[in-house]
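Student: I would like to go through the terms used for this model and see what each one rests on. Where do we start?

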Amino acid sequence: MCSATLLVGAVGCVSQKKYTALQTQYTDASRSRDQLQAEKNALQEEKARNEEALRTSLLTKNQQVNQLNASLSGAQQENSQLSADLRGKEQRIADMQRILEQKDAAVKALRQKVGDALLGFNSQDLQVNVRNGKVYVSLSEQLLFKSGSTKVDPKGQEALSKLATALKGNQDVNVLVEGHTDNVPIVKGTAGMRDNWDLSVLRATEITRILTQAGLPASQVTPSGRAQYVPVAQNDSPTNKALNRRTEIILTPKLDELFQILEQN
């Protein structure tokens, strides 16, 4: 018989103290097991959350990579188009530069040719200059007309004939004939004229006729009258008024090819 002991199954008898200790160990072990199980469950849940977060992050990154690839592809295509546009513009600029250089060379050659053709005339009566990419042939009233007249004198006809000869065959030059006067009003009653507009236009028209009769195509020459409104000097002295009474024949190379390039832009 067990005394002050407990009978534990078939193991035999144990003391109450030992039993209590074993019971406590069992309880602690159960508690530890439950705690470990809870920690395991928490870790598994955290692992699941982390895996889901990683999957979501990976999906987002993949989407971002795809978007970046699409953007890069679009940027490459756009850059390719921009490069093509830039090359086209650079080519047009080069073409314009080439044409302008050709035009400048043509103006210089034209000025030389006209100057050579008009050698021998008094420099006070006839001048050939280049301004703003154009050749200006300036002829004084003294060389061309008597006061108030629209008929060109023989010396003036000679100069115009030589100019027309120098320009013959050059279809790439526009010829503008500008008549200019001083500010002295036309004498009242002058036949066919009311004011300096009429005088300047009629003189330009008469010069145009002489140039075309000498061989220039009529489609190449344009007469115009500026009256007293584009003076080269103040109309405050006889000398300055004489400077303003002039005809300017303006020779301009045609720039059709350049205008076509500009229209493309």
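Tutor: With a helix pair in what is a predicted model. The crossing of α3 and α4 is right-handed.

Student: Which residues make the contact between α3 and α4?

Tutor: On α3 they are Gln157, Leu160, Leu163 and Ala164. On α4 they are Ile207, Ile210 and Leu211.

Student: What makes up that contact by class?

Tutor: Six residues are nonpolar, one is polar and none is charged. Leu, Ile and Ala count as nonpolar, whereas Gln falls among the polar ones.

Student: Why are α3 and α4 called oblique to each other?

Tutor: Helix α3 (residues 154-167) and helix α4 (residues 196-213) pack at an angle of about 50°, with their axes 9 Å apart. Roughly parallel needs an angle under 35 degrees, and roughly perpendicular runs from 65 to 115. The angle fits neither class, and α3 and α4 are therefore oblique.

Student: In what order do the strands of the sheet stand?

Tutor: The five strands form an open sheet, ordered β3-β4-β7-β5-β6, with mixed pairing.

Student: Why are β3 and β6 said to stand at the edges?

Tutor: β3 (126-131) and β6 (221-225) each have a single partner strand, so one side of each is left without a neighbour in the sheet. From one strand to the next, the twist averages 20°.

Student: What makes β3 and β4 count as paired?

Tutor: Pairing requires at least two bridges. Six bridges join β3 to β4, and the two strands run antiparallel. The condition is therefore met. One of the bridge pairs links arginine 131 with lysine 134 in β4. Two residues lie between the strands of this hairpin, where asparagine 132 takes a positive phi near 55°.

Student: How do β5 and β6 run, and how many bridges join them?

Tutor: They run parallel, and five bridges join strand β5 (residues 173-180) to β6. Here valine 175 stands opposite valine 221 in β6.

Student: Which strands does α4 touch?

Tutor: Helix α4 packs on the sheet and touches β5, β6 and β7. Its direction makes about 165° with that of β6.

Student: Which strands does helix α1 lie across?

Tutor: Helix α1 (residues 16-117) lies across β3, β4 (134-140), β5 and β7 (246-253), running at about 175° to β3.

Student: What does the UniProt record say about residues 19-113?

Tutor: The unreviewed UniProt entry annotates them as "coiled-coil region". In the model, this stretch is 100% helix and 0% strand, and its end C-alpha atoms are 135 Å apart.

Technical notes: Residues are numbered from 1 along each chain as its sequence is written. This is a predicted model: local features need pLDDT of at least 70, side-chain atom pairs count only at pLDDT 80 or more; totals for chains, interfaces and linings use all residues. Side-chain values use heavy atoms; hydrogens and water are left out. Axes are lines fitted to C-alpha atoms, for helices over the stretch in contact, and angles run from 0 to 180 degrees between N-to-C directions. Helices (H or I, at least four residues) and strands (E, at least two) are DSSP runs, numbered from the N terminus. Angles under 35 degrees count as roughly parallel, over 145 as roughly antiparallel, 65 to 115 as roughly perpendicular and the rest as oblique. A crossing is left-handed if the near helix is turned anticlockwise from the far one by less than a right angle, and right-handed if clockwise. Contact means heavy atoms within 4.5 Å. UniProt positions are given in the numbering used here, feature names are shortened, and annotations may be inferred rather than shown by experiment.
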